[in-house]
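Here is a quick tour for anyone meeting this structure for the first time. Have a look at the model, then read on.

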Amino acid sequence: MSDQIKFIVDNLNKEPFRKNYNLITFDSLEPMQLLQVLNDVLSEIDPKQVVDIREEMPEQTAKRMLSLLGILKYKPPGNATDMSIFRQGLVIGSKPVIYPVLHWLLQRTNELKKRAYLARFLIKLDVPSEFLQDETVADTNKQYEELIEAFKTLHKECEQLKTSGFSAAEIRRDISAMEEEKDQLIKRVERLKKRVETVQNHQRMLKIARQLRVEKEREEFLAQQKQEQKNQLFHAVQRLQRVQNQLKSMRHAAADAKPESLMKRLEEEIKFNSYMVTEKFPKELESKKKELHFLQKVVSEPAMGHSDLLELESKINEMNTQINQLIEKKMMRNEPIEGKLSLYRQQASIISRKKEAKAEELQEAKEKSASLEREVSVKTNQTREFGGAEVLKGDEFKRYVSKLRSKSTVFKKKHQIIAEFKAEFGLLQRTEELLKQRHENIQHQLQAIEEKKGISGYSYTQEELERVSALKSEIDEMKGQTLDDMSEMVKKLNSLVSEKKSALAPVIKELRQLRQKCQELTQECDEKKSQYDSCAAGLESNRSKLEQEVRGLREECLQEESRYHYTNCMIKNLEVQLRRATDEMKAYVSSDQQEKRKAIREQYTKNIAEQENLGKKLREKQKAVRESHGPNMKQAKMWRDFEQLMECKKQCFLKQQSQTSIGQRNLLGASISCFEETFI
């Protein structure tokens, strides 16, 4: 909880809130201030939530916040009862309710901003079905849904463009390159038009070429549809084969089974399930409930210190000793009936434990068998998808072998026929090559004759026109057939629509009556709901006031208790001081010298005398130091001057090392004698 509050305070102190809270000031906020902080966070996510809490009713505030939290997909902890507690806590500004909401909102602010923005456009309005019967309302609702879908696509494209990494400069370069290519293509088209204008009947040929292109596109579209239908047919055939195999396996399993074995198996399953439902699951549920109750009790209690833990350990040890004593007393009695009953109880507990262990083993085995069956089904589906077949057994394998032998004989015959066809195909291919060569020679001769006559390309255009006319005739036939089919389909649809209308007429009448009843009931429900909401709001406000009063009285009680404990502590301290004062007076007044020495006054006087003697000695020492201070300072100055003089002599000595050793010795002796005279 402390980490949660610290995270909330840190985020509230940052941009854009700038609350300047610390842990103490935030924890001491009133419920109204805490609700205002929550509203500020919600207004940062959705600007429509900018409201002053003091100017709004508590019910409206709770309703507005709950609706926004529902849009943001916030899930409060717990079940339905906890949901009611959550609503009440949101109305009164309870800290255990608002702190998790603030923590959740501040963790994902950017994501929730995006969600709130999209919710403004993507949450559909609920239009009653009776209003949708009107054509204008239905058309408007349809346009509204289309606009929502268009917004979804545009938002997705915008997000993709944001994450794609394209820059504006690259897009501009691409646009300029595409414009250049467009100009080049326009120039090429103009050149080609100029070339074509010299050819005779170029308009007719262009029209025919355009029709040919359209028909080719239609042919490609039809081929694509044909391929899709083939794929659908293939998938349908595979699905049919799988279903047939499953039906075969189920029939095979049903053929081997007998009613007695099936009944026995069902009885065993019923016994096992009844044991699990009546004995095992209730025990586990009870243990889980106890554990949950214990954990809730631990959570609700305040934090324990080391002293509390030691006290609990001492209590546990006492209880253990009491239990051991009771067991020893029971064993000392040695009642024979209780001994027999204990044996039976032990046997019953052993049997029940064995039963539970076997039930668990059986449950694990069932789960394992179910997982293995799922794996087998997955593997069989994979083999079917890869074109494989199931594993055959027994008579099916024998039938498969006999079928395979018959197929092998048929295969040999077909293989021989294929070899004959291949030989014939080789001859036909050779003749085709010879005919192609002759055709090419004839074409070359024809082109040479056309060039001589001045009509080059006449034969090619004639062949193209014949081919286009043949294609056009085929397409016209297909169009006629499709038009007939469409007319028949329209007639059938009209007849079906009229039948459905006649059948639905009484239902529509009943539906109108039911709609009127529904409207009346909805009005009553709305009135009752408004009454309930107003009553609940009043009760909630009264309850919040009472809880505030109770909270104030509890705080006063705690303050009085703390004041009581403080006064008790002060009284005890004064009693101790009074006791010490009386003891001191007794010791001071008594005639016994030993008791007088024990008195605090005597000890303090003794310490004062010792300190005075010590101060006297220190003052004498200070006087001696003051008297010798002047000569000592003079002597220290002389020693510093001596040190400087020796340093100067040393430097002079180092400079005059080139002279003879005798001169150096005389100079050193003279300097020493001079120094002695000055020092003296």
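Which residues make a nonpolar surface patch of about 410 Å²? The patch is made by Leu125, Val127, Phe131, Leu132 and Val137. One of them, Phe131, sits in helix α8, which runs over residues 129–132. Keep in mind as you look around that this is a predicted model.

**A patch with charge**

There is a positive patch on the surface too, and Lys187, Arg188, Arg191 and Arg195 form it. Let's pick out Arg195, which lies in helix α10 (residues 168–197). Is Arg195 buried or exposed? With a relative accessible area of 62%, Arg195 is exposed, since anything over 50% earns that word.

**Salt bridges**

Now for charges that pair up. Side chains of opposite charge can pair when their charged atoms come close. How many salt bridges does the structure hold? The count is eleven, and the table shows three of them, including the helix that holds each pair.

| Pair | Closest N to O | Helix | Spacing |
|---|---|---|---|
| Arg115 and Glu111 | 3.1 Å | α7 (residues 109–122) | four residues |
| Glu433 and Arg430 | 3.4 Å | α15 (residues 395–453) | three residues |
| Arg543 and Glu547 | 3.2 Å | α16 (residues 458–589) | four residues |

Take Arg115 and Glu111 to begin with. These two are four residues apart in helix α7, so about one helical turn separates them, and their side chains meet in a salt bridge at 3.1 Å, N to O. As for how much of each is open to the outside, Arg115 has 25% relative accessibility and counts as partly exposed. Glu111 is partly exposed as well, with a relative accessible area of 41%.

Next come Glu433 and Arg430, both in helix α15 and three residues apart, which is about one turn of the helix. Their closest N and O atoms are 3.4 Å apart. Glu433 counts as partly exposed, at 38% relative accessibility.

Then there's the pair in helix α16, Arg543 and Glu547. Because they are four residues apart, they too are separated by about one helical turn, and the salt bridge between their side chains is 3.2 Å, N to O. Arg543 is partly exposed at 39% relative accessibility, and Glu547 is partly exposed at 26%.

**Cysteines**

How many disulfides does the count come to? Zero. A disulfide is a covalent bond between the sulfur atoms of two cysteines. To count here, the two sulfur atoms have to be within 2.5 Å. Why does Cys518 not have a bond to the closest cysteine sulfur? That sulfur belongs to Cys525 and is 9.9 Å from the sulfur of Cys518, so the gap is too far for a bond. Cys518 itself is partly exposed, with a relative accessible area of 44%. Another cysteine, Cys535, is also partly exposed, with a relative accessible area of 48%.

**A backbone oddity**

One last stop is Lys73. Most residues other than glycine have a negative phi. Lys73 is not a glycine, yet its phi is positive, at about 65°. Where is Lys73 found? Look in the loop between α4 (58–71) and α5 (80–92). Lys73 is exposed there, with a relative accessible area of 60%.

Notes
Residues numbered from 1 in each chain as written. Predicted model: local features only at pLDDT ≥ 70, side-chain atom pairs only at ≥ 80, totals over all residues. Heavy atoms only, no water. Patch = residues over 30% accessible without salt bridge, like charges linked within 9 Å, V, L, I, M, F, W, Y side chains within 5 Å. Areas by Shrake-Rupley, 256 points an atom, 1.4 Å probe, with all protein chains shown as cover. Lys, Arg positive; Asp, Glu negative; His and termini not counted. Charge placed at Lys NZ, Arg CZ, Asp CG, Glu CD. Buried < 20%, exposed > 50% of the residue type's maximum accessible area, 1.4 Å probe, protein only.
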